[in-house]
Amino acid sequence: VYNEKTSSRTEARTKIFGARVVLFEGILVLYTPEVRDMLDMKLFVDVDSDTRLSRRVLRDVIECKRDLNTVLDQYLELVKPTFEEFILPTKKYADVVIPRGIDNRVAIDLIADHIRDIVQTGDRKRRVSVSRLRRRTSSLTPEPTRPH
């Protein structure tokens with residue numbers, strides 16, 4: 001378990017027991033091929049950089065009591081370059097990209113419906129359901145831009 005205030009991991013662990021749906025989240029979930037291969041559906045929540053920065057500033061300054069200049073320096077020197085080098089490239093491995101993050105109610109509702117369907121109907125329909133979800137959300141995902 002990661003502790004935001006101390007920027008370190010704790011000794012706490014979480015046991016996961018058998019379930020039809022396990023949500024596995026984190027900024028580097030799609031980075032490792034072995035982890036990607038275990039996932040039936042891979043999501044990438046795409047939030048613009050201004051929103052990411054403002055959320056980080058609010059969290060670090062208000063909740064963690066850090067100095068604003070320190071937070072901004074850390075963001076520009078470490079967080080943003082690290083995001084661009086390691087996290088953003090994993091977007092290509094996602095089955096569904098959710099633009100605008102939590103503000104995208106349509107995508108969130110479709111994914112919630114998909115998860116409810118798996119829980120209610122069981123694993124036998126999961127593969128068909130993932131394909132259906134991909135088709136339904138493809139119009140929500142903008143075409144990737146390629147560098148010139």
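Where does lysine 65 have its place? In this predicted model, lysine 65 turns up in the loop between α2 and α3. The loop residue is exposed, with a relative accessible area of 67%. Its phi is near 60°, which is a positive value in a residue other than glycine. That is worth a remark, since most residues other than glycine have a negative phi. Arginine 100 shows a positive value too, with phi near 70°, and it sits in the loop between β4 (96-99) and α4 (105-121).

Now for the chain as a whole. The protein chain has five helices and four strands. Read from the N terminus on, its elements come in the order β-β-α-β-α-α-β-α-α. The chain has 148 residues, and 24% of them count as buried. Among the contacts with a separation of 6 or more, 58% are made by residues 24 or more positions apart.

Back to the two helices on either side of lysine 65's loop. Two packed helices are described by the angle between their axes and the distance between the axes. For helix α2 (residues 49-63) and helix α3 (residues 68-87), the axes come within 10 Å and cross at roughly 135°. The two helices are therefore oblique to each other, as 135° falls outside the ranges for roughly parallel, roughly antiparallel and roughly perpendicular. As for handedness, the crossing of α2 and α3 is right-handed.

Which residues meet where α2 and α3 come together? On the α2 side they are Ser49, Arg52, Leu53, Arg56, Val57, Asp60 and Val61. On the α3 side they are Leu68, Val71, Leu72, Gln74, Tyr75, Val79 and Phe83. Sorted by class, this contact has nine nonpolar, two polar and three charged residues.

Two of the α3 residues can be followed a little further. Glutamine 74, in helix α3, is partly exposed, with a relative accessible area of 31%. Not counting residues up to four places away in sequence, glutamine 74 touches Arg56, Asp60 and Val79. Phenylalanine 83, with its neighbours within four places in sequence left aside, is in contact with Arg52, Leu88 and Pro89. Phe83 also belongs to the largest nonpolar core, which has seven residues. The other members of that core are Val29, Leu30, Phe44, Ile87, Ala94 and Val97.

Is lysine 42 buried or exposed? Lysine 42 is buried, because its relative accessible area is 12% and the cut-off for buried is under 20%. This lysine lies in the loop between α1 (33-38) and β3 (43-46). Leaving aside neighbours within four places in sequence, lysine 42 is in contact with Leu30, Arg36, Tyr93, Ala94, Asp95 and Val96. Leu30 and Ala94 from that list are also members of the largest nonpolar core.

Valine 21 rounds off the picture. It lies in the loop between β2 (8-9) and α1, and at 24% relative accessibility it counts as partly exposed. Which residues does valine 21 touch, not counting residues up to four places away in sequence? They are Ile115, Ile118 and Val119. Valine 21 and arginine 116 are 95 residues apart in sequence, yet their C-alpha atoms are 9.2 Å apart in space.

Conventions: Residues are numbered from 1 along each chain as its sequence is written. This is a predicted model: local features need pLDDT of at least 70, side-chain atom pairs count only at pLDDT 80 or more; totals for chains, interfaces and linings use all residues. Side-chain values use heavy atoms; hydrogens and water are left out. Axes are lines fitted to C-alpha atoms, for helices over the stretch in contact, and angles run from 0 to 180 degrees between N-to-C directions. Angles under 35 degrees count as roughly parallel, over 145 as roughly antiparallel, 65 to 115 as roughly perpendicular and the rest as oblique. A crossing is left-handed if the near helix is turned anticlockwise from the far one by less than a right angle, and right-handed if clockwise. Contact means heavy atoms within 4.5 Å. Ala, Val, Leu, Ile, Met, Phe, Trp, Tyr, Cys and Pro count as nonpolar, Asp, Glu, Lys and Arg as charged, and the others, Gly among them, as polar. A nonpolar core is a set of buried Ala, Val, Leu, Ile, Met, Phe, Trp, Tyr and Cys residues joined through side-chain atoms within 4.5 Å. Buried means under 20% relative accessible area, exposed over 50%, partly exposed in between (1.4 Å probe, protein chains only).
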